[in-house]
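Grab a pencil and work through these short exercises with the structure open beside you. Try each task before reading its solution.

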Amino acid sequence: MVLIVGCYLVNHPGYVKSELFNNMEARNWETVPSADHGARSAIYATTSPELEGVSGGYFYLEAEEKRLSPLGSDLALAQRLWEESLGYIKRFLTDQDRFI
């Protein structure tokens, strides 16, 4: 079995209006975007037919951001993150799941 995975870096939605904050102190919600608005980047990157076959993009709302920070462009750091992530999730996989 061959598994092909596209990898996208989606801008974190940031502070959005959601039920997560219902039991916290009062907030001024006037300038805080809705959770729907905050989810647009992730939805676009994972469902857009125009991105089929694209991997490694950085998206904000419905557009690809061309500007990456030095950390976002560090291939050695990306490799380390990948290895650390694999090491973490392998602890939770069964022998049948270990296709990685």
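**Exercise 1.** Find the residue with a positive phi in the hairpin of β2 and β3.

Solution. Start with the hairpin: two residues sit between its strands. Now check the backbone angles there, and you'll land on L61, whose phi is positive, near 55 degrees. Next, look at how the strands line up: β2 (residues 57–60) and β3 (residues 63–64) pair in the antiparallel sense, over two bridges. Across from F59 you'll see E64 of β3. Keep in mind that this is a predicted model.

**Exercise 2.** Sort the side chains of β2 by the face they point to.

Solution. Walk along the strand and you'll notice the side chains alternate. G57 and F59 go to one face, and they are buried. Y58 and Y60 go to the other face, and they are not buried.

**Exercise 3.** Decide whether I89 is buried, partly exposed or exposed.

Solution. First, locate I89: it belongs to helix α2, which covers residues 75–90. Then take its relative accessibility, 34%. Buried means under 20% and exposed means over 50%, so I89 at 34% counts as partly exposed. Finally, look around on the surface: I89 joins Y88 and F92 in a nonpolar patch, with about 330 Å² of accessible area together.

**Exercise 4.** Work out which element has the highest mean pLDDT and which has the lowest.

Solution. List the elements from the N terminus: β-α-β-β-α. Then compare their means: α2 comes out highest at 89, and strand β1 (residues 8–10) lowest at 58. For the whole protein, the average is 77, and 79% of the residues score at least 70.

Terms used: Residues numbered from 1 in each chain as written. Predicted model: local features only at pLDDT ≥ 70, side-chain atom pairs only at ≥ 80, totals over all residues. Heavy atoms only, no water. Patch = residues over 30% accessible without salt bridge, like charges linked within 9 Å, V, L, I, M, F, W, Y side chains within 5 Å. Areas by Shrake-Rupley, 256 points an atom, 1.4 Å probe, with all protein chains shown as cover. Salt bridge = Lys/Arg side-chain N within 4 Å of Asp/Glu carboxyl O. Helix = DSSP H or I, 4+ residues; strand = E, 2+ residues; numbered from the N terminus. Buried < 20%, exposed > 50% of the residue type's maximum accessible area, 1.4 Å probe, protein only. pLDDT = per-residue confidence, 0-100. Pairing = 2+ DSSP bridges.
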